[in-house]
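Notebook open, coffee on the bench. Today I wanted to look at the strands and then at the empty space inside.

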Amino acid sequence: MRRDDSIYEYMPRQVLNRHWLWVFIWTAAGVLLSRSVGAMGVPLAFCFLGVAMAILYVPFTMPRRAYVGFAFLCLALGLILYQARKPDLSADALHQAALSYPTRRMAFEGIAVNTRVYHQDQDYLTFEMKVTGVEGAEGQQPLRGRALVRWSRASAPVFTASTMRVYGRLSPHLGVVNHGVRGVEDVYHGRGVFSAIHARGNSVEELRPGYASPRYWASRLRQWQRDRLAVVAPASVQPFINGVWLGARGLIGAEEYERFIHAGTAHILAVSGVHVGIIAFTLRFLLRMTRLPRRPQLLVLLCGVFLFALMTGARTATLRAALMVALYFSYDWFDREPDAFSVLGLCGFGFLLWNPTIIFEPGFLMSFGSVASILLFHPAIASFLFRLGRLPAASLATTLSVQIVTWPIAAWYFNIVPVAGIVANVVVVPLLTVALWLCFVTVVIATFSTSAAMIPGYALLPVVTLIQWTNSAAATLPLAYGVVLRPSVIAVLLYGAAAVYFYRALYDGKERRRNVIAVITLLCAAALLWRPADAGPRFDFIDVGHGDAIFVRAPGGTTLLMDGGDASEYTDMGARTVAPFLYANGVRHLDYVAVSHSHRDHIGGLFHIIERFSVGSVLMGPESEDPAALEREFLELCAARDVPVIRLAAGDTISAGEAVIQAAHPDAGWVTGRSENDRSLVLFVAWPGGSALLAGDVETDAEALLADSLAGTASVLKVPHHGSATSSTDPFLRRVSPDIAVASLRTAGARAPFMPARIENRYADLDIPLLRTDWHGGVRVTWRDDDMVVSTARDARGYCLTPTSEQ
């Protein structure tokens, strides 16, 4: 095989001369800028529009004048697009009703959208609904808005475009919200979904099927396939084939999914551009082996691609990828060479016109970035690897090239860089091709004969087993994956510049040495500036729902995490919330991890933290005669990880640079015969100008003791026991006299608020400002010029969930 040097001539020139590609890039830049400047987006757009008109129409000399003028036009368009199409909570009447926090059940009617596959062995199903009316005590109300239906003990599938009636409780909560982390609530708000409906059992019914909608039939087809595959394929491969064929990875266990992530192959579990590309290019290869004329081949190819999109549920991501493939191959119809860069730019620009907020979705960025990376870097890398042979060179070049653009995206959003993914994908992607075609053949045969369909169905077993073995092997390799902090913006920009010079090094042989030196220099600078600058001393009250997790950064950089939220069979707040928050905020080492007490909503999430982070010491209260089972398990884990455990009693202090960590409660003799809540370790953390009392779940008796023993007041109070009626006594609050109090709790779907109104009123009567994570999201307290500065995660996003009577 000879190396093809012709690509070195046309590739750079092709990129520079593809106008649609630059239209997309500059419009996307305008969308990003519009989000950054907020309300100034529209005035700035008109300024850019004026600059563009001046450049294009005022007579003066300027190099590349037309290009610069159209760049400003596209920037202005991006600014206006985002301002016109950004999600607006105030315009959603259903969300405004949810802010009254109704506790009674109501009947909601509307159209089901974005439904999921129903599994009989799962008792939880979610789907979105365009609500058109609500029936409550006041009768029928024409409230409109989009809601996420969370249906526990689900009993039947729900199909897209069907008219549904749901009996449930309305809530404005969609998930936890924290500083620097993109969470579930952010994802749904980006889709225009601002409320949740909590339903149970037989409280969901279909009023009218959506026979007139193609999406209804696509979702029915998707469910039918799931039911057929459950019969004709082995049970052990069911979770995998539901993920790669139907995009429903809910049956994949947490440990198995983690192996996919660490091996760098988790992308195959979401039906997207990779799957569409596999189907398209393998089908094209098969069609070329036939004697069909070129245009009939093209028709069969396009029909096959869109049939695959239909069979997988006609979901938006799949349809986007199918459209890109269709445009790419449509050049062949007109006897022209496929122009990948124009297709990339035209599709990207079209997607921005349709939904400008799509550029903030990690899934879209990874999918689009993968395609762009392959188009830009694959030809040159494959040419350098030509001695390996055509097929191995193409496969390895695809695996290597796709990492270049997606690497910083994965680091930013997921904090994991799978080094072994380069090796694992060389094996897994070809096996995925086999698995997809076996799924297709199995489903087609199952239409006519269940017994015959078992042949390809059971043929999936060795393919899936080999994929799982590859993942396990790749994940256990030395340096198989790296856990990285979220990079600083300047580091991302430097990495982008390095990618540009790497592109030039691949295609410009004359200046290759100079470009390689530039790549190395820029990558070294990016590595040095990767970690964001230290934000200074602060207290972060992390939103973990009903539970506690408080992060402290003291002057000098000492770090403390007190509690880690809940962990159950359904979710682990340590893994899903606390760890991403720490990574996003530049924390890989914790000097201290403190456990207030052994209740699950405090200690549960700390297991993951001890397993995954470097920890200096664990702080716990005095040892009790009969420790709880969770405490014993936690101590065993600390011993296994060689993390020392320090037992603190009231009066004990730890010096941490300029800060002091002091145990305020309990005494060594207090623990006997007391409740677990009253035995909570209470820490007083102070430094010059700032202090906080982290009160765990102490109740009346412990608060009375603290009111007598505390040496001084605190700037910040962590509200005891999540604001329950058993805590926050008047003498205790008067003794602490905080400037601000923060309560960590959750009210989503609750029949009654955990924090009674009389407790809220008690704080108000004492002029203590009260912030709640269920209303405000994560709460950050910092100091600037000796002044305390308080910011909340939801306020930083431009909204808050305080009840309407209090807004």
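Before I talk about bridge partners: two strands count as paired if DSSP finds at least two bridges between them. I should also note that this is a predicted model.

**Entry: one pair of strands.** I looked up β19 (residues 690-694) and β20 (residues 716-718), and they pair in the parallel sense over three bridges. Starting from Ala692, I found its bridge partner in β20 to be Val716.

**Entry: the whole sheet.** I then followed the pairing outwards and got an open sheet of seven strands, in the order β16-β17-β18-β19-β20-β21-β22. The pairing is mixed. At the edges I have β16 (653-656) and β22 (770-772), each pairing on one side only. From one strand to the next the twist averages 20°.

**Entry: a helix on the sheet.** I checked α24 (residues 700-709) and saw that this helix lies across β17 (659-665) and β18 (682-687). Against β17, α24 runs at about 130°.

**Entry: cavities.** How many cavities of 30 Å³ or more does the structure hold? I got three. The largest has a volume of about 160 Å³. Of the 17 residues lining the largest cavity, Gly621, Pro622, Glu631, Glu676 and Arg679 are the closest to its centre. By class I noted six nonpolar, six polar and five charged residues in that lining.

The second largest cavity holds about 50 Å³ of space. I listed its lining as Thr115, Arg116, Val117, Val158, Phe159, Ser219, Arg222 and Gln223. That makes three nonpolar, three polar and two charged residues.

Methods. Residues are numbered from 1 along each chain as its sequence is written. This is a predicted model: local features need pLDDT of at least 70, side-chain atom pairs count only at pLDDT 80 or more; totals for chains, interfaces and linings use all residues. Side-chain values use heavy atoms; hydrogens and water are left out. On a 1 Å grid over the protein atoms alone, a cavity is a set of points where a 1.4 Å probe fits but cannot get out, and a pocket is an open set with protein on both sides within 12 Å along at least five of seven lines; lining residues have an atom within 4 Å of a point. Grid points are joined across faces, edges and corners, and a volume is the space filled by probe spheres set on the points. Ala, Val, Leu, Ile, Met, Phe, Trp, Tyr, Cys and Pro count as nonpolar, Asp, Glu, Lys and Arg as charged, and the others, Gly among them, as polar. Helices (H or I, at least four residues) and strands (E, at least two) are DSSP runs, numbered from the N terminus. Axes are lines fitted to C-alpha atoms, for helices over the stretch in contact, and angles run from 0 to 180 degrees between N-to-C directions. Contact means heavy atoms within 4.5 Å.
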